[in-house]
Structure formats: C-alpha cells, structure tokens
Amino acid sequence: MNHYVCIHGHFYQPPRENPWLEAIELQDSAHPYRDWNERIAAECYAPNAETRILNSENQIIDIVNNYSQISFNFGPTLLSWMEKYSKDVYDLVLEADRESQKSFSGHGSAIAQGYNHMILPLANARDKQTQVKWGIEDFKFRFKREPEGMWLPETAVSVETLEVLADNNIRFTILSPYQASRVRKIGSEEWADATGGNLNVQIPYQCNLPSGKSIAIFFYDGPISQDIAFGDLLKDGEKFKNRLISVLPAEQKLSSLLSVANDGETFGHHHKFGNMALGYALDRLAKDNFAKNTIYGEYLKRHHPRYEVEIAENSSWSCSHGVERWREDCGCKIGSNPEWNQKWRIHLRGAMDWLRDKLSDLFEKEMAKYADDPWEIRDAYIDVILNRSQKNVEEFIHKHTRRVLGEDEKIKVLQLLEMQRHAMLMYTSCGWFFDDISGIEPTQIIQYAARAIQLAKMISGEDYESEYLSLLSAASSNIPEFKNGKEIYLNYVKHSVVDLLDVGAHYAISSLFEDYQEDACIYSYTVKRELIDFNEVGKQKLVIGKVVIRSVITFEVQLMNFAVLHLGDTNLSAGVRKHTDDDYFEIIRKDIKDAFFENNIGEVINLINNHFDQNNYSLWDLFKNEQKHALDHIFEVTRESIESHFRQIFEQYSPLMQIKNNISSSLPKALAMTVEFILNRDLCEALEAERFDLSKLELLVKEIKRLSFMRDRQTIVLIASRRITAMMEKLVKDPEDVLLAGEIESCIRLLSQLDLVLDLWKAQNHFFIIKKQMFEPMREKARKQDKKAKFWLECFLRLGECLKA
C-alpha cells in the first residue's frame, strides 16, 4: 500500500494559573464550568479519549481512543493541569501513546512541544534552548520515551529555531505549506520556487542547516486542514474520510502521505461531535483499505526524504505576515471589531523584552554566586517543576550548586529560577494573538511579568516596576475604559500580587469559614498552626492565632500572628504581622480578648490596627475562589430566609398562577422571578441529592411544564448530565440491577419533557460497555425461558432507547 494518511492534533491551552497560587481561579466566562480548562476538557479532551463509532442506526458499535490513532502533541502546561484536575483523561492520553506503538511499528503517536508556547523565532537564543529542552524533558517525564518530533508553537519557524531542534535530537517538525521557500531533489543543484504553497506536500523534506545538521519537515495539506477547521467536514465522518483520500492519486508507484494538522480543540470544542467524525473517518480508512493510517515517525522511518527544502524565515501558520502578529500591528486579528488596531502589540513586546533583559542580567550576576553556569541550571530546572517535593528540590540544589548552601541561599536560588520561569511564561503566544490588550490572555502574561518583577525586588532590592509600567503605558487599549497597559496592570494585576503576609491574612480570614487541620495547604503554600484561639459572643467572632507559612515553590518561610474580628455578614477586620517574640504576642492576645469580652468592639478594632502595624485586611482580600466560598457561607442564612419568603409567596399565589396560566396570560415580573427561583432551586437540589427521589423529580417536571418556567438551563443541563452519568457508572458495577436501570430510564424520560439537551456521551459509553459484557449471555438465557433474563432484556432495551445508544 503506497497511500498513507496522517492526522495531527495540536492540543493546547495557554497557562491560566495565578502566578502566586499556581492554580486557575474561577473564570465566569466558562460557565457552567469553573474555568476554561475544565470546560474544554469536558468538550474535547475527554470525548477524544473515549470516542463512539456509530452504525447507520446511530447505535454504538465501538469505543476508541482517538489519540492512539493520530499524531498529537499536548502543551506541557496543559498536561500539568490535566494530571491534577483531569487525571482519568490524562492517563488515557498517556495510555494512547503506549498503545499506538503497537500499531505504528514501535513509534508513538505523541510528539513534544516547546514548553509554554513561546514564539521561538522571536525568542533570544537562551530562551529557545530552554523552551525546547523543557519541552523534551516534560515529554520524557510523562511518556517515558524520547520524542521523535516537536510541534513548534504556531508553527513559527526560523533557521536558528531548527538548529536548536536538531541540537536536541529532534528528527522532524510540521509546518504549513506556505512556510516553504524553495525545494530541490537531493543531489540536484537546481532549486524550484515553493512560495505560496507551491510544493508537493505528500512527501517529507530534508532541511539542511548551516551547522551541517539536518531535520525532516512535513508540510500539511493546507486546503483540507482549512476545511476541517472552518468548514463543515466534521459534520459527517464519511464526508471527512472521502475528503482526506480525495487528493491521493488513484495509482502511484511511489508513496504518498496525506497529512493534515489542526488545533486539537477542533475535534469537539470548536465543532461539537468533531471527535466522532474523526473516529469514524479513521475507522473507515482502516476498513476501506485504500490508504493506511500512519504517524510521522513511522512514515519517516520507512520513507526517507528525497527532496530538500529551505524554509520561509520567520514564518508561521497563523500570520500571513510571518511572525508579526506577535510584535506588530500587521492586520492579523480575530476581526470582531474591524475598526480596532493592534499597535499595542509593539509596546507590549517592547516592555517584555526590556524586562527580560534586565532580569537576565540580574540572574547571571546573582546565580553566578552559587552555580558555575547560570543558564545550565535554568535548563535543568524543569526537573524541579515536574517534582516539587522537598527531597527532590534539595537534591537538585545540591547537584547544581558548587557548595553546600544555607537555607536563605537555597531560597534565593529558587527565587532566581522562578524569576526566570515567569520571565518565559510572560512570552506565552496568546498574549499577542487576540485583538486587544485588555483581554484575559494579555492580562495573564502581564501577571507573569508582575511576579518576575516581585521576585527581582526580593532578590536584589531592584524595582523594575516603574520603568516597566512606563513602557506599558504606550500600549493603548481600543476600549477607552481600560486606557492602556499600565492602567490594566494597576487595576487588574497589581491587586493579585501576593506575599507571605497576604497568605497569612487569607488563612486568618478563611479560618472563620474553614475547619483547617493543624497542617494545611493553601494552593502553593503550607500552613502549620502553632496556636489558634477561637472566641464567640453571639454573632460576633474573634480568632487569634500563630502560624508558620511556607512557600512550596521558593521555600520562603515566615512565622506570623493574626487576629480576625467578624461582626457578622461581610463586616470583618483582620490584622497580620510577622512574629517577633512570644511575650509580645501574648500581650496582643490578652488586650484584644479583654476588649472583645467587654463588648468594646471599637477598642478591638483599634487594637488590631495598632498592634498589626496597619497590615489590615478585609473579606475582599481573600483569594477569588475562597471569596465565593466565604460569601456563600455568610449568605446561607440570608438565602434561607429569602427562599422561605419566596416559597411562601409561591405557595400562596399558586392558584392565581394556575388561572393566569389557563388563560395564557403572563405572570407579573415579580411573581415570575419568584417562580423561577423556587423551581430552579428545587430541581437542582433534586438532581444533586444523595438519595435520588424520582417521585419528587416527577412533580417538579410537571410544575415546570405547567408554569413554563426555567432559568439557568446550562447549569441544569450540566447537573442533570452528571447525575445520569453517575447513575450509569453505578450500573456498570452492578449491571443486573434492573431497579437502577429503570430509575435511570425514568429520569431521562422525565427530563426529556423539559427539552433539555443533555450531554450523555459518557452514559452512552457505559451502556455500550454493559451491552458488550451482558447482552448476548442474557439473550441466550432468555431464549431458554429464563424469566429474570427476559425482564433484564426488556429493561435494558428500554434504557438503550432512552439513551439513544
């Protein structure tokens, strides 16, 4: 067989973590999910790991892991998030690479990626090296093998970038056809122009480099990749398969490779059910036997390049002007506001470059006190990023420094390395990709810059913030209220900057609402409680304590005291200070407690202000996720009161509402709001209840239908889908539980009356698993007049009808 097809998926999300907490905070725009990573994992990454193949009657005939059948890369920072928050999908991605080696002659589906999606042609030489090395080491840590290929962020390429890949034993990369400059047969002296995609993209090329090394390049098919991303190919798996093979010659003695490359999120997030079209197309390719599915590493092993290529220097797949999208107002944009300009990109790049160079000088000077080669230890720092256990960090410092370091020196080494990590994170490509500097992506990379600036000041006393802000002020937003980059920093970044005292304040305030153990973790910090003193008079609470706060990242540590006065609702006052001595702490504790129990609240507040050196905090100084938790706690009593009043109104005016409904007259707005609140609340509680009450759900569905009210359908769909999936997971463990099967069926039938578009793919997959295991044995028993088996079959078939599986 001389026809081959290779589909590549570039799976990537920009790092979204708060730089001080190393966690993603709530992102309201991702509703009903908590953040965009969680949402896209649910819509794309998970479905691609368990993709259904359907027959002509829309019944599942197989479940496949798409990752094991395509070439793919995952961004290292995304895999790091998945390992913590989507572990089941993460494990399936790694398993897919292992399984793919059985299908592709020992070659794995996964390839590496530059670490945090920096545009490598615009990076300095040191950053290019570190980005590639970190990408490789992250890959080896996760996939347990050496990578053969590497995806270049935005396929942005230069000769120097390819030299770095070749230096690090990367055998191939993938580019757009419009990134070739000229080609010739190996051994020939005559070059042919390849600009504008004018080359054969169905063969691999060799790119010879000035160093004497070379690297293989695959050029994907541009038109088909474009159709996958922006056309309707993923609406029909058969159409998708036919489009793939349509460009392969009917007869050819020499091998042809049809290669396409797309953002992995195309298959499920951008195009719903795109993962199923992909799975179906791959299944049909295998069965039709016209073209063999392959991956780049396998193909390159069997088909060495016969042609060489010179690349278009400083080019990419998402900017027709090269790499200008990440440093100039080149005209490339999303385009939702055509009157906007992107001149801000020039000044954002300039500010970042200035800061990078200042930080590099500081890093070299300070790290030279501890290590022979500062940049070598930075390259090796990925070993710590991948394993931040104290033992591993201690071993790393011992291995890479020239002498035994004291505790303060270890902290300084880690601060220097973290400063450099954030100096690279601040170049994540998405910061320049979109249309305005006020977007969440530019704001995110400015946060990374702020963290690097903070660390520089802690290390040396040097404060780069003022000059950095001066440069950012030239980056004007298209939205008048945001003004410019400096104002965005001051209004949306500065308040996020955290030190150990701030972490202590968070612990102090949240201890009113959280039952912390003696040893607690707060994001990337540990808290060891030495003393806690809770006091309560009526609604008023006073907490005084002494704790040790330690950064897991830099090992910074601080013993501190705190006092928090809560007067109820959102009224609280908190003070935090570094611990000086035990005697003074006891004086503080006694003074504040005496005033509290004398009901002298004004004096308590004065004492907190005076003893804690004006380091005062309020509820709004909690980290964002915990603000919501605290407010939920505070408002619980208020919510219960409101709900009680709403329920009284609902019950009192129910007959009137029925009359209005009968004559097709709309309810007054105030009453309609009450109805919506009560019905929505009751439905969510019924679906989330530990013991599922089907009769209660039935009554609610009738009431909702009768009054034609439902608010926040997205949240209800998510809760209902998760409930049905959880019930099916339970059924998988005990597939003969016909009562549970009947309950699931009834639940789906009831919810279908509300016209909810439920996300049931996981539940359908569970049904298929049970069907494979149980259906034939039960049918055989039923043929022998086994009543229990007959009843099971009836229940199971009805459930399948409901699930449309």
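**A tour from the whole chain to Q13**

A compact globule of 805 residues would have a radius of gyration near 28 Å, and the protein chain, at 30 Å, agrees with that expectation. The model on display is a predicted one.

Begin with the entire protein chain selected. Its C-alpha trace extends over about 95 × 85 × 55 Å along the principal axes. Colouring by secondary structure should bring out 29 helices and 20 strands. Of the contacts with a separation of 6 or more, 69% are between residues 24 or more positions apart.

Next, display the surface. The protein chain exposes about 35,200 Å² of accessible surface, and carbon and sulfur atoms contribute 49% of that area. Buried residues account for 56% of the 805 residues. If the charged side chains are then selected, 98 positive and 120 negative ones appear, and the centres of these two sets are 5 Å apart.

Now select Q13, which is found in the loop between β1 (3-11) and α1 (36-49). Is Q13 buried or exposed? Its relative accessible area is 7%, so Q13 counts as buried, the cut-off being under 20%.

Keep Q13 in view and add the side chains of R16 and Y45. The side chain of Q13 forms a polar contact of 2.9 Å with that of R16. A polar contact of 3.4 Å links the Q13 side chain to the side chain of Y45.

Finally, select the residues that Q13 touches, leaving aside those up to four places away in sequence: N37, I40, Y45, T77, L78 and E265. Y45 thus appears both in this set and as a polar partner of Q13.

Notes:
Residues numbered from 1 in each chain as written. Predicted model: local features only at pLDDT ≥ 70, side-chain atom pairs only at ≥ 80, totals over all residues. Heavy atoms only, no water. Helix = DSSP H or I, 4+ residues; strand = E, 2+ residues; numbered from the N terminus. Rg over C-alpha atoms; globule rule 2.2 N^0.38 Å. Buried < 20%, exposed > 50% of the residue type's maximum accessible area, 1.4 Å probe, protein only. Contact = heavy atoms within 4.5 Å. Areas by Shrake-Rupley, 256 points an atom, 1.4 Å probe, with all protein chains shown as cover. Lys, Arg positive; Asp, Glu negative; His and termini not counted. Charge placed at Lys NZ, Arg CZ, Asp CG, Glu CD. Polar contact = N/O pair within 3.5 Å; in protein donor to acceptor, adjacent residues only side chain to side chain.
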